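Please work through the exercises below with the sequence and the model side by side, trying each task before reading its solution.

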Amino acid sequence: MSPERSIHSQTFLVDADDTLWENNVYFEGAIADFISFLNHRERSPAQVREILDDVERECIITHGYGLHSFAHALVKTFERLSVEPLTPALHETIHGFAHAIAEQPVQILPQVPETLDHLANRHRLILVTKGELAEQSRKVERSDLKQYFSAVEIVAEKDVPVYRGIVAKYHLANDHTWMVGNSPKSDINPALAAGINAIFVPHDDTWVLEHEELASAEPPRKLLVLRTFAQLATHF
């Protein structure tokens with residue numbers, strides 16, 4: 001559903017990873033390298049990936065999101081599947097798959113700076129990203145996009161209480177507040193449940209653990225589905 005153009009200033013809570021810049025594609029590359037390195041003789045790459053996904057779910061509970069948690073999941077998966085003992089050299093190699101991600105450039109998605117510039121001149125923008133504080137802070141700084149945002153919120157999880165907390169902290173009006181992101185599980189569904197509007201911008205490489213059926217918007221909440229981030233400029 002497309003909202004009517006409003007004269008009222010809106011507030012946009014904007015996701016970062018895979019909404020403003022590429023992220024999961026680097027993790028997918030590291031996973032492919034890990035599976036190739038493991039070279040399991042009895043399980044297919046798809047089966048190994050399923051086990052890794054399960055281990056990642058476990059690690060999120062104890063280690064949160066980010067490279068440290070991902071590296072821990074790779075090590076645990078290796079221990080679960082390999083007949084070889086985990087030597088210090090193997091441990092270092094496996095950690096290397098994860099830590100190589102940190103060396104990747106921050107690759108901004110198409111027309112993001114131009115679109116943020118357009119929106120920032122008309123509305124209030126708050127960056128809302130989940131993950132490890134130092135890790136996400138580095139990406140925000142390296143992106144050169146911080147200038148467009150009035151505030152940056154780095155949270156451990158994106159759920160209903162977190163969104164309600166942000167609304168309360170910044171004294172936001174629910175009717176004029178939108179969460180923009182690529183993840184149904186973290187960006188769209190909990191934002192709608194928290195009583196604000198949402199804008200879904202799909203990404204071809206959204207992390208499998210962020211997949212979830214898109215919720216419906218119960219009036220007066222609104223849900224807008226766009227093909228690209230740049231389309232925000234045509235609606236707002």
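Three exercises with worked solutions follow.

The model is predicted, so that local features need pLDDT of at least 70 and side-chain atom pairs count only at pLDDT 80 or more, while totals for chains, interfaces and linings use all residues. Residues are numbered from 1 along each chain as its sequence is written, and side-chain values use heavy atoms, with hydrogens and water left out.

**Exercise 1. Place strand β5 among its neighbours.**

Task: Determine which strands pair with β5 and in what sense.

Solution. Begin with the terms: strands (E, at least two residues) and helices (H or I, at least four) are DSSP runs numbered from the N terminus, and two strands pair if DSSP finds at least two bridges between them. On one side of the search is β4 (residues 177-181), which pairs with β5 in the parallel sense over four bridges, with Trp178 standing opposite Asn197. Next, follow the chain from β4 through helix α8 (residues 184-193) to β5, a β-α-β crossover that is right-handed; this word applies if, with the strands pointing away from the viewer, the path from the first strand over the helix to the second runs clockwise. Then turn to β6 (residues 223-225), which runs parallel to β5 and is joined to it by three bridges, Leu223 being the bridge partner of Ala198. Finally, look at the side chains of β5 (residues 197-200): Asn197 and Ile199 point one way, Ala198 and Phe200 the other, and all are buried (under 20% relative accessible area, with a 1.4 Å probe and protein chains only).

**Exercise 2. Describe the surroundings of Ile101.**

Task: Find where Ile101 lies and which residues Ile101 touches.

Solution. First, locate Ile101 in the loop between α4 (88-99) and α5 (112-120). Its relative accessible area is 11%, so Ile101 is buried. Leaving aside residues up to four places away in sequence, Ile101 touches Tyr26, Phe27, Ala30, Leu67 and Phe70, where contact means heavy atoms within 4.5 Å.

**Exercise 3. Analyse an aromatic pair.**

Task: Explain why the pair of Trp178 and Phe236 is classed as it is.

Solution. Rings of Phe, Tyr and Trp (its six-membered ring) pair if their centres lie within 6.5 Å, and planes under 30 degrees apart count as stacked, over 60 as edge-to-face and the rest as tilted. Phe236 is buried at 8% relative accessibility, and Trp178 is buried at 3%. The ring centres of Trp178 and Phe236 are 5.2 Å apart and the planes stand at 70°, so the pair is edge-to-face. Because Trp178 lies in strand β4 and Phe236 in the segment after α9 (232-235), the pair ties together parts 58 residues apart in sequence. Phe12 joins Trp178 and Phe236 in one aromatic cluster.

Key. Buried means under 20% relative accessible area, exposed over 50%, partly exposed in between (1.4 Å probe, protein chains only).
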